[in-house]
Amino acid sequence: QVQLVESGGGLVQPGGSLRLSCAASRSGFNLYAMGWYRQAPGNQRELAAVITNSGITNYADSVKGRFTISRDNAKNTVYLQMNSLKPEDTAVYYCYAQGPSEYWGQGTQVTVSS
């Protein structure tokens, strides 16, 4: 079983930045893809960004140019650098990993508000 431990959420003003981190509890475990989904109140969970173990990335159109996903394969850790944050980025952000199965973190709240 793989557990995903998230950190880095919080409250930030519009235009600000936050960095999310997510570490898988087991090392040496081949996780093909890692990434972040988000869910705003009343909305469905949606992909924000994902990165494969070879570095291929995919972003939601709404975050392109503002968010950057990166990964440390040796540590099975994924990061999401979020810049130029907007109120519509407010959501619970869930870490995701795909290996032999799919794994989810418990979520971290990101609130963008003045």
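This is a short walk through one sheet, a few aromatic rings and a salt-bridge network in a predicted model.

Okay, some housekeeping. Residues are numbered from 1 along each chain as its sequence is written, and side-chain values use heavy atoms, with hydrogens and water left out. Since the model is predicted, local features need pLDDT of at least 70 and side-chain atom pairs count only at pLDDT 80 or more, while totals for chains, interfaces and linings use all residues.

Let's start with the sheet. Strands here are DSSP runs of E, at least two residues long, numbered from the N terminus, and two strands pair if DSSP finds at least two bridges between them. So which strands make up our open sheet, and in what order? There are 4 of them, running S1-S3-S8-S7, with antiparallel pairing. At the edges you'll find S1 (4-7) and S7 (67-72), each of which pairs on one side only. From one strand to the next, the twist averages 15 degrees; the axes behind that are lines fitted to C-alpha atoms, with angles running from 0 to 180 degrees between N-to-C directions.

Now go across the sheet. S1 and S3 are antiparallel, paired over 4 bridges, and there Ser7 faces Ser21 of S3. Next, S3 and S8 run antiparallel and are joined by 6 bridges, with Leu20 opposite Leu80 in S8. Then S7 pairs with S8, residues 77-82, again antiparallel and over 6 bridges; look for Ser70 standing opposite Tyr79 in S8.

Is S3 enclosed or open to the outside? Buried, by the way, means under 20% relative accessible area, exposed means over 50%, and partly exposed is in between, using a 1.4 Å probe and protein chains only. In S3, residues 18-24, 5 of the 7 residues are buried, so the strand is largely enclosed by the rest of the structure.

On to the loops. Most residues other than glycine have a negative phi. Asn76, in the loop between S7 and S8, has a positive one, near 50 degrees. Asn76 is buried, with 3% relative accessible area. Lys75 is in the loop between S7 and S8 too, but Lys75 is exposed, at 54%. Its C-alpha atom is 7.3 Å from that of Ala23, although the two are 52 residues apart along the chain. There's also Ser84, with a positive phi near 50 degrees. Ser84 lies in the loop between S8 and strand S9 (91-98) and is partly exposed, with 42% relative accessibility.

Next, the rings. Rings of Phe, Tyr and Trp (for Trp, its six-membered ring) pair if their centres lie within 6.5 Å; planes under 30 degrees apart count as stacked, over 60 as edge-to-face, and the rest as tilted. That rule gives 3 aromatic pairs. Tyr37 and Tyr96 make an edge-to-face pair, 5.5 Å centre to centre with 65 degrees between the planes. This pair links distant parts of the chain, with Tyr37 in strand S4 (residues 33-39) and Tyr96 in S9, 59 residues apart. Tyr37 is partly exposed at 22%, while Tyr96 is buried at 7%. Tyr96 also has a tilted pair with Trp104, at 5.0 Å and 55 degrees. Trp104 is partly exposed, at 36%. Ring pairs therefore link Tyr37, Tyr96 and Trp104 into a cluster.

And what sits over the ring of Trp104? The charged end of Arg45, 4.8 Å from the ring centre. Arg45 lies over the face of Tyr94 as well, at 3.7 Å from that ring's centre. The cut-offs for a charge over a ring: NZ of Lys or CZ of Arg within 6 Å of the ring centre and within 35 degrees of the ring normal.

Last stop, salt bridges, meaning a side-chain nitrogen of Lys or Arg within 4 Å of a carboxyl oxygen of Asp or Glu. The structure has 4 of them. Arg38 meets Glu46 at 2.9 Å, N to O, and Arg38 also meets Asp89 at 2.9 Å, N to O. That second pair brings together Arg38 in S4 and Asp89 in the loop between S8 and S9, 51 residues apart. Arg38 is buried at 5%, whereas Glu46 is partly exposed at 37%. Asp89 has another bridge, to Arg66, with the closest N and O atoms 2.7 Å apart. Arg66 is in the loop between strand S6 (57-59) and S7, so this pair ties together parts 23 residues apart in sequence. Asp89 and Arg66 are both buried. Through shared partners, Arg38, Glu46, Arg66 and Asp89 are joined into one network.
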